[in-house]
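Pull up the model and turn it around for a moment before reading on. We'll take it piece by piece.

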Amino acid sequence: MNARLAAWGFVIPAVAIIAVFFLLPVMGALALSFTDFDLYALADLRNLRFVGLHNYERLLETALFWQALGNTLYFVAVGVPLSIGMSLGAALLLNSSVTRATAFFRTALFAPVVTTLVAVAVIWRYLFHTRYGLVNYALGMAHVAPVDWLGNPHWAMPTIILFAVWKNFGYNMVIFMAGLQAIPRELYEAARIDGASGWRQFLHVTVPMLGPTLSLVAILTMAGYFQLFAEPYVMTEGGPLQSTLSVLYFMFNEGFKWWNLGAASAVAFLLFAPIFLVTAVLLRLARSREVA
Amino acid sequence: MAGWKRPLRVRARLEDSKPLSGLIDRRRLLAGAGAAWVAAGLGARIAQADDATVAGTKSARPVQLRCWFMGHEAEFVAPLLPEFERRNPGITVAIQQVPWTAAHEKLLTAFAADGLPDLCNLGNTWIPEFAALNALEPLDAYIAASQVVAPLDYFPGIWDTNRMDGAVLGIPWYVDTRLLFYRRDLLAQAGFDHPPSTWNEWARMLAAVKTNAGPGRYATLLPLNEFPPLLALALQQAEPLLRDGGRRGNFSNDGFRRTLSFYVEMFRRGWAPMLTYSQIPNPWAEFGRGFFTFYISGPWNIEEFQHRLPAELSHAWTTAPLPGPDGPGASSAGGTSLVIFRFARHKDAVWRLIEYLSEPATQIRFHQLTGDLPPRRSAWRDPQLSANEYAKAFREQLERVKPTPKVPEWENIVNQMQEMAAQVVAGRFSVDAGTQELDRRVDATLEKRRWMLDRRHTV
């Protein structure tokens, strides 16, 4: 009995903090999403209407919301594998015994993570400038016609993806490096004695041993990439033709630009659904592999 | 937001004014939403209590006015204040600078938390919004008794932006309107020695300039993510942009379709490049290079062009009033106004500060410091302004400025207008289908407003 009381004593501060700073606001936001809380309601609560699921219905009828969702899924579907692939590749290269100046490259590759997004965005805007950009200059040397990277609705999202991947891959790279270093050397030695090629060693030693790290990184990256906001905010402002407008950006506009807090809360919960779904699937995959 | 007043400057300042840390935390946003909900209820109650105490105790203690100034004007208003404090012993002024990018959010949160200052300079397109919040003090009685603020001395279009349902809620402080900046030398090369006064004439010039400029250079620049140029051209039509007392969109009428057709034509014919500001980080340098000849912009660019263009181009450019469908056209009535918040503690003292800042002599000094243009005709008679060749066109244009529809949702609506215009330029909608769709969206945005107006009618 005493032990149970003590346990509660330890748990209660954390639970209280979570309740006050997480559960309560989430419940508040959920309640908000069933109302049309806006500027008028801010002026006078009598202007507040309980609208039930109307916010959700209206969002599902809004073409721009679907476009934002499509853009976000595009960003996640391309950006997450690309980002994880880059991180893993860089970690493998740095972890290889033939690599020289490891410390230097590790720092250099991690540097984008700690740079200020806004400052870097300014440089990227120039790099990808249609007429003066270094990227188009290099393409021009290879006799490729200039690409309107940030102005063409088809190219803007790929550019944002490149930018986000470059900015973020260093973080996962460090996690992967830690994971790689934890793999016992003996396993590779045994595989080599059995005659396994480098590729086979990667597939049958590295990947399984990195399993838990991989699923952790996948879940974190995915949840982060679903919440795309800052990159288009500083690079394109959601344009051109709303081709880089993400769900979170859409919510930001609804809530903080137009002050439709009811509708914005509904967007937040609609975004929560796919994140929850994909995370659940990834977790299940990870668990089933552990069991097997 | 304030983007509409000074998009370029706001863009330049975005970096230092808005903290951004990676991907925004969704939970934090939710928490913010919840807090606003709670605060809205609390704010109303605290406000009542506060009001009662102020009325009950009237002291002769020195008065400190809390003023928020938006934008870089805050730095330049400070040197004007010692004179005010000298003339008004017992009144001191405390200034807080608020960057435009954060101003809207900060004002609304301050409203919810009952933390609004005594005075601020409000973008005049925000007045309907704060009027809807019932946050502004009507100024008619003060104006009637004033020796300084003379309504007829102000440009009528600008003054009108401060009137809501018959009451005056703000006093214009400095003005903003959009007109033509153009390269005189490039226009002369194309065979014209004067700026255009009608759309037809302008179209002939645009075609000639484009032919003369050749591929890779253009006759005008209309960034597709910037609404003020299209808005200025739309205000030139006789039809209002909203109908039924601001209850519904009115974009599918002949007037707006004419404007949008002209706008789209400028891209279709290759007179304007299909670009947004993200691709033109430095429009001043591009103007200097002759990338475009005509540019629709506002008063702050007089100073920018003077500073940024090379010396040999200093006489190659100038300004001109905006051409209209048939003869000199209207433009938008922008700028900021000095307002007193309803729960301000020392309204008479605040009014004295407004009067001081509205004196023509103060406005001239303020113009010297900032380059901002004054809203009073008497201030414009000063040689500082009347002899400024670039300001001349603004003086003329200011007699022909029109307010935008006075509904709190306007900022949202005008952004939807620009988004649709970009879609039409890209060929995703025809002018007719696009304007009809725009009306449908605007009607949806105004649904709450219709409900409120109807209810007010029946109650």
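What follows is a walk through some parts of this structure, which is a predicted model.

Let's begin where the two chains meet. The contact draws 47 residues from chain A and 40 residues from chain B. On the chain A side, α1 (2-33), α2 (39-43), α6, α11, α12 (247-257) and α13 (261-291) of chain A each put in at least two residues. The top contributor to the side of chain A that touches chain B is α1(A), with 7 residues. Sort that side of chain A by class and you get 30 nonpolar, 12 polar and 5 charged residues.

One of those helices, α6 of chain A, deserves a look of its own. Within α6 (residues 117-127) of chain A, the buried residues are Leu117(A), Ala121(A), Trp124(A) and Arg125(A). Looking down the axis of α6(A), you'd find its buried residues within an arc of 105°, so they line one face of the helix. The general geometry helps here: an α-helix has 3.6 residues a turn, so residues three or four places apart point the same way. Turn α6(A) around, and the face away from its buried side carries the exposed residues Ala119(A) and Ile123(A). What sits over the buried residues of α6(A)? The cover includes α8 (153-181) and α11 (230-235) of chain A.

Now over to chain B. Its domain assignment gives domain 1 (2-12 + 61-176 + 333-388) and domain 2 (179-332 + 406-458). The C-alpha centres of these two domains of chain B are 28 Å apart, and 17 residues of domain 1 of chain B are in contact with 16 residues of domain 2 of chain B. On the side of domain 1 of chain B that touches domain 2 of chain B, α1 (7-17) and α6 (127-132) of chain B each supply at least two residues. The largest share of that side, 4 residues, comes from α1(B). By class, that side of domain 1 of chain B has 8 nonpolar, 3 polar and 6 charged residues.

Next, find strand β3 (residues 119-123) of chain B. Of its 5 residues, 5 are buried, so β3(B) is largely enclosed by the rest of the structure. Leu119(B), Asn121(B) and Gly123(B) are buried on one side of β3(B), with Cys120(B) and Leu122(B) buried on the other. As for partners, β3(B) pairs in the parallel sense with β1 (residues 63-70) of chain B over 2 bridges, where Cys67(B) has Leu119(B) as its bridge partner. With β16 (residues 334-340) of chain B, β3(B) runs antiparallel over 5 bridges, and Gly123(B) is matched there with Thr336(B) as its bridge partner.

Finally, chain B has an open sheet of 4 strands, in the order β8-β11-β7-β12 and with mixed pairing. Which strands stand at the edges? They are β8 (220-221) and β12 (317-320) of chain B, each with a single partner strand, so one side of each is left without a neighbour in the sheet. Going across, β8(B) and β11(B) pair in the parallel sense over 2 bridges, and Leu221(B) stands opposite Tyr295(B) in β11(B). Then β7(B) and β11(B) pair antiparallel over 4 bridges, with Ile296(B) as the bridge partner of Leu180(B). Last comes the antiparallel pairing of β7 (residues 179-183) of chain B with β12(B), over 4 bridges, where Phe181(B) has Thr319(B) as its bridge partner. In β11 (residues 294-297) of chain B, Phe294(B) and Ile296(B) point one way and Tyr295(B) and Ser297(B) the other way, and all are buried.

How values were computed
Residues numbered from 1 in each chain as written. Chains lettered and ligands numbered in written order. Predicted model: local features only at pLDDT ≥ 70, side-chain atom pairs only at ≥ 80, totals over all residues. Buried ≥ 20, exposed ≤ 12 C-beta atoms within 10 Å, placed from the backbone. Arc of directions from axis to C-beta. Contact = placed C-beta atoms within 7 Å. Pairing = 2+ DSSP bridges. Domains from an automatic or database assignment. Nonpolar A, V, L, I, M, F, W, Y, C, P; charged D, E, K, R; others polar.
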